[in-house]
Amino acid sequence: MGSMTIDGIRVEFTDETNVLTVIRKAGIDLPTLCYVSELSVYGACRLCTVKDDEGRYFASCTVRPREGMNIETNTPELRRYRRTLLELLLASHDRDCTTCNKNGECHLQNLAERMGVRNVRFKSVQERHEVDNSSNCIVRTPSKCILCGDCVRMCDNIQSVDALDFAGKGVATLVTPAYNRRLADTDCVGCGQCRVVCPTGAISIKSDVEAVWAALADPTVRVVAQVAPAVRTAIGDRFGFPVGKNVMNRLVTVMHRLGFEEVYDTAFGADLTVAEESRELQERLASGERLPLFTSCCPAWVRFCEKKHPDFIPNLSTCRSPMQMFGAVLRAWDREAPDEKGRRLVSVAIMPCTAKKDEILRPESHTMGVQDVDFVLTTEELTGMIQAYGLNLNGAEKDAADMPFGITSGAGIIFGSSGGVTEAVLRNLISGHDRAKLDELKRTAVRSEAGMREFTFTHQGRDIRAAVVSGLRNADNLLNAIREGREHYDFVEFMACPGGCVMGGGQPVSTHGELFRRRRDALYEADINMQIKKTSENPLLDTLYATLLKGREHELLHRNTGGENTPA
Amino acid sequence: MEKSPETQKALAVLEKFTSDQCCGKCISCREGTRQMQQILSDSSSPFPEPEEMALLSELGALIDHTARCGLGKSIARQVLSVLEHRGGDERVIEEYLPGPYQELIFFDIDPRRCKGCSKCARNCPVNAISGVVKKPFVIDHETCIKCGTCMMNCKFGAISIKD
């Protein structure tokens, strides 16, 4: 608690950890390139430098607020320094902005514009580095890197993956995997959070846009798409909708116009997952084996578990992710009722996620030797396609997802937020449509915002200890606690991205502070508007289990490694 | 064209710093010293032209005020001091050069000359100088990084290098 003077105005502060936060709270958006509030403070960009009344200069992000401080943030000198700093960065940066994937959204470009950099007085000292295309999920372009270290701290602080770090020193400093390995040869799980914080185009999504355009133009194929729950409350950001607006219906129309023959809702796949996973939970609770049950919807989490905590692999649910279940069902459906014109099925999944691009290539993502989902497009890539075509979600007509897989439950939709899978599975355990019990579940910690939360849910007289984890650092801590016997759970939901899929690595990035809450709340809002709350109430599921899935549940809905599904 | 002795010295300092000593973390020091070196080596005259000098001074001030640590700041000051004291005492730069022999020297305040203006203390990057205004100030040699900022700032010539 205390007060300080910023540009002659008295400002109160409470528990802010640094002067920069106080300045921003006072309404001055000091530019920064290396400060992300969730990450540790790095203090490399120096753009937030301020001057105190004793003539001392300091980077405001690195200093704690003190009672009686008197600082100036915008003297002509400080503004000149900020401009010069940006000029210096631009002089060593690959300035092919017009062809950069981040063009128009680049933080560096943005700041140069804001600070009025109109020419760069310094000689270009840019160094060319090889592009790292090895990962299935993200692309590294080191010549666009400004060494702010945001990705390094994200990968370490929040995700505890440590795939990226600084190497070398001085002007030769590089952000790279250890020993200059390719990203594919590291512990990278493909979550894409580095891309979320990267201010420039140095880390970008591996694009499958061209391949999908080609499929859409091919008369011998029929392209169908499934759209993940988290996409609908984020893609609107790019088309002028208020943050968190659910635009699923408009998206269906626009995707039809792009040429997708059928557009389905992955929430239906989530319903299949809930059905299988709640059955698996009941089986494991009854037998007491391989508890706690870990969810397997998040491919980045599954990779993390395999790479860093292989001893917990047996605890992973054998269920495929909703996308993969749906993908397998679509293929099986195509085999049973082939296209009248004899066209081949190409299955595309629209996901908020970069790691899904890797998941579809895994051996267990094949059925009868065929890859179930052909392409994954992230929210950002689909946005690019819509814009390239010249369409706009804003003003588009509304339409509902296609049949025969168009009916979903609210439980399937909330999968897009951290806690959603747990709530959906536990809902399914409740017998009948017991509103009181559903509300009781809603009021447990399942919907709170912490990266790690736990609660107990009573089902048929048995206490189920559940935990919901998002962010792999939290996952790492929890796994260590379980291994050391400090914690006991029956069911744990893991999501690699902090906040769950709504904050996935393939989602539009924005500086909007309420981003997570708005996107998540819109999903819960969609759930409220659904008559079908529980997976078991979805009539489509009964039909499907009685027909297509009859006797083939395990083949189509579970991860079968090394079996006959594996490609030759 | 043959560079002037000052330019050569400044380039030598910068070369050593950018190739060996700079950690590369903060932009002002990493890119600033690189560009200072670039300007000096690209200059077509023996001694930087006025507009080049202006750019160098601007970079020097930028690094001095915004770099993260005293090392980068001291390099910027060294370069500027060499260039600004053209034809002056060449000894200055030799003795600031970071290196093993730095161990052998130390900076000291002459209490008879010090007027207690506190300028050295205010400018010390590591807060190694303390004292009461209008009384002689004292350098804490444990904390001192021997950057020479205090000596450059002293208007009364009270600070000197001892060995």
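Colleague: What pattern does chain B follow along the sequence?

Modeller: In this predicted model, chain B reads α-α-α-α-α-β-α-β-β-α-β. That comes to seven helices and four strands.

Colleague: What makes a residue of chain B count as buried, and how many percent do?

Modeller: A buried residue has 20 or more other C-beta atoms within 10 Å of its own. Of the 163 residues in chain B, 41% count as buried.

Colleague: Which share of the chain B contacts with a separation of 6 or more joins residues 24 or more positions apart?

Modeller: Such pairs account for 61% of those contacts.

Colleague: How many residues does each chain give to the contact between A and B?

Modeller: Chain A gives 23 residues and chain B gives 23 residues. On the chain A side, H2(A) supplies the largest share, six residues. That side divides into 11 nonpolar, seven polar and five charged residues.

Colleague: Why are H2(A) and H2(B) called roughly perpendicular?

Modeller: Helix H2 of chain A spans residues 76–91, and helix H2 of chain B spans residues 27–42. Their axes come within 10 Å and cross at roughly 65 degrees. Angles of 65 to 115 degrees count as roughly perpendicular. The two helices are therefore roughly perpendicular to each other.

Colleague: Which residues make that contact?

Modeller: From H2(A) come Leu85(A), Leu88(A), Leu89(A) and Ala91(A). From H2(B) come Ile27(B), Ser28(B), Glu31(B), Gly32(B) and Gln35(B). By class, five are nonpolar, three polar and one charged.

Colleague: Is the crossing of H2(A) and H2(B) left-handed or right-handed?

Modeller: The crossing of H2(A) and H2(B) is left-handed.

Methods
Residues numbered from 1 in each chain as written. Chains lettered and ligands numbered in written order. Predicted model: local features only at pLDDT ≥ 70, side-chain atom pairs only at ≥ 80, totals over all residues. Axes fitted to C-alpha atoms, helices over the stretch in contact; angles between N-to-C directions. Parallel < 35°, antiparallel > 145°, perpendicular 65-115°, else oblique. Left-handed = near helix turned anticlockwise from the far one by under 90°. Contact = placed C-beta atoms within 7 Å. Nonpolar A, V, L, I, M, F, W, Y, C, P; charged D, E, K, R; others polar. Buried ≥ 20, exposed ≤ 12 C-beta atoms within 10 Å, placed from the backbone.
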